[in-house]
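This report looks at empty space, nonpolar packing and charged pairs in one protein model. Please keep the sequence and the structure open while reading.

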Amino acid sequence: MTLLSEYYVPGLHIEDRSIKVPLDWAGHEPGHGFDGESISLFYRVVTAPEHVHDDLPLLVFLQGGPGGSGPRPLGPSSDGWIEEAIKHFRVVLPDQRGTGRSSRVDTHVIEGMDGDGKAGAAFLKRFLADSIVRDFEHLRRTEFGGARWATLGQSYGGFLTLTYLSLFPQGVIASFTTGGIPHVPADATDVYRHTFPRMAAKTKQFYERYPIDIERAAAVSDILQSRKVTLPNGDPLTVERFQCLGSDFGMKPSFERVHWILDQAFLDGDGSASTSAELSDEFLSSVMNATSSRPLYWPLQEFIYANGELETPICWAAQRVRGEHPEFAGGIRPLNFTGEAMFPWMFEQERALRPFKPAMDVLMEDTHFGTIYDADQLARNEVPLQAAVYFDDMYVDSGLQLDTLSRVGRSHYWTTNEFEHDGVHGSTVFKHLFNEALNRGDLAELF
């Protein structure tokens with residue numbers, strides 16, 4: 001292993017490490033040498049101080065996203081699942097390729113590619129689940145002696161879990177997922193047809209909790225439709241971008257975060273809602289921060305549903321489905337907020353996303369992608385899988401999750417409405433899943 005640094009944060013021992021992986025896995029097998037262009041895969045190994053020298057089994061965390069880097073823990077209790085996991089495992093926290101310290105991809109990288117988008121599109125396809133999982137399998141085989149490890153997948157990490165169980169089940173001894181079982185067969189349009197009604201339902205719940213925000217949201221929307229408003233970074237603030245505050249509505253305490261953003265929206269008088277008032281600098285800064293995404297998050301968003309050869313291109317699935325829901329138009333009152341959905345205007349209005357537009361135009365018409373799910377392999381899966389399915393999950397439909405799990409061998413699920421999509425970050429969810437698997441005997445080879 002290439003050890004970059006070793007240190008403690010309160011309650012945790014951490015090693016920073018990095019290896020090389022091929023940019024393009026075509027023609028290469030994880031665990032073997034490779035030629036051609038390589039990129040760095042950064043990862044951390046985290047243990048409890050008292051277990052630094054103990055040969056505990058491995059748990060690799062599959063981060064949500066897409067385009068999400070691994071957690072930067074502040075201590076055991078800063079992320080509830082880590083506090084429980086280090087009691088039993090050495091925890092591996094990779095930065096998925098293109099994120100964090102793993103050969104990071106942002107506008108600087110994309111801007112240097114050709115203007116017709118073809119090179120950018122081919123490049124971005126190398127950052128999807130089939131490549132991510134091959135990176136992790138290569139890491140397991142080369143840096144951890146081929147020891148089988150357990151996986152914990154949060155959100156998109158659950159998608160990666162099913163890719164791992166499809167392509168390299170021999171590398172996994174047990175899997176846990178939290179709010180992240182994709183529908184197989186994958187279909188982006190079908191996903192958004194389930195998602196938009198939940199967006200409307202979440203908006204309704206928000207207004208029921210904070211009725212004053214009906215007037216505030218309407219006033220902000222009226223202002224944005226009547227005159228040009230610019231965010232601190234120079235991006236235009238449109239109604240569509242303002243509606244994206246709802247992307248947070250599947251987390252806790254998102255209603256409160258959005259409520260307090262709206263609370264300071266208006267500059268004049270006592271700050272009450274007014275279409276003649278100026279929008280405050282603090283409000284504009286808060287909206288900018290809340291609606292700006294990681295560099296790979298929106299560019300990859302709809303392609304996480306692209307499995308192999310597609311019958312039809314994805315072609316802006318969320319935008320097409322939004323067109324089926326006139327209640328999301330900017331002039332409708334009460335104003336509906338949108339959830340986790342990518343729209344074409346983002347790549348025109350957001351400075352950080354504009355360099356991706358040529359590649360996005362190419363990808364949206366593409367039908368050739370890597371295989372990420374093998375339904376037959378999943379049906380005969382022998383790796384015990386324990387899933388937390390959040391009944392009211394705004395991002396990943398619980399009904400679609402349960403439908404998939406009904407066709408995955410050795411899968412078990414715990415359905416609950418106690419938590420939102422980010423429930424794993426508390427102290428309950430992973431501990432519950434771990435104990436369920438332990439009591440069932442699914443971890444007998446480890447403990």
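The text below takes up the pocket and cavities, then the nonpolar cores, and then the salt bridges of this predicted model.

**Pocket and cavities**

Rolling a probe the size of a water molecule over the atoms shows where empty space is left. In this model the largest pocket holds about 820 Å³ of space, and of the 35 residues that line this pocket, D248, M251, R294, Y297 and E340 are the closest to its centre. Helices α9 (254–263), α10 (281–291) and α11 (297–300) each supply at least two residues of the pocket lining, with α9 giving the most, three residues. By class, the lining of the largest pocket divides into 13 nonpolar, 14 polar and eight charged residues.

Besides the pocket, the structure holds five cavities of 30 Å³ or more, and the largest of these has a volume of about 100 Å³. Thirteen residues line the largest cavity, and H183, V191, V396, D397 and L400 are the closest to its centre. Helix α6 (residues 188–209) provides the largest share of that lining, three residues, and the lining as a whole consists of nine nonpolar, three polar and one charged residues.

The second largest cavity has a volume of about 70 Å³, and the residues that line it include G65, P66, S155, Y156, Q301, E340 and H421. Its lining divides into seven nonpolar, four polar and one charged residues. E340, listed above for the largest pocket, is thus also found in the lining of the second largest cavity, and V396, listed for the largest cavity, lines the second largest cavity as well.

**Nonpolar cores**

In soluble globular proteins, nonpolar side chains tend to be buried together. The largest nonpolar core of this model has 112 residues, and those with the most contacts inside it are F242 and F283. Helix α6 gives the most to this core, with eight residues. Leaving aside residues up to four places away in sequence, F242 touches A217, V220, S221, L224, L237, L262, F283, L335 and F337. A second, separate core of 30 residues includes I14, L93, A150 and L152.

**Salt bridges**

The structure holds 29 salt bridges, and three of them are set out here with the distance between N and O atoms.

| Salt bridge | N to O distance |
|---|---|
| R148 and E445 | 3.5 Å |
| D213 and R216 | 2.9 Å |
| R241 and D235 | 2.9 Å |

Which parts of the chain does the pair of R148 and E445 tie together? R148 lies in the loop between α4 (129–143) and β6 (149–154), whereas E445 lies in the segment after α17 (429–440), so the pair ties together parts that are 297 residues apart in sequence. R148 is partly exposed, with a relative accessible area of 36%, while E445 is exposed at 64%.

The pair of D213 and R216 lies within one helix, α7 (residues 212–226), where the two residues are three residues apart and therefore separated by about one helical turn. Buried means under 20% relative accessible area, so D213, at 0% relative accessibility, counts as buried, and R216, at 9%, counts as buried too. In the third pair, R241 is buried, with a relative accessible area of 1%, and D235 is buried at 2% relative accessibility.

Salt bridges also link E29, E137, R140 and R141 in a network.

Conventions. Residues numbered from 1 in each chain as written. Predicted model: local features only at pLDDT ≥ 70, side-chain atom pairs only at ≥ 80, totals over all residues. Heavy atoms only, no water. 1 Å grid on protein atoms, 1.4 Å probe; cavity = no way out; pocket = protein on both sides within 12 Å on 5 of 7 lines; lining within 4 Å. Points joined across faces, edges and corners; volume = space filled by probe spheres on them. Helix = DSSP H or I, 4+ residues; strand = E, 2+ residues; numbered from the N terminus. Nonpolar A, V, L, I, M, F, W, Y, C, P; charged D, E, K, R; others polar. Core = buried A, V, L, I, M, F, W, Y, C linked by side-chain atoms within 4.5 Å. Buried < 20%, exposed > 50% of the residue type's maximum accessible area, 1.4 Å probe, protein only. Contact = heavy atoms within 4.5 Å. Salt bridge = Lys/Arg side-chain N within 4 Å of Asp/Glu carboxyl O.
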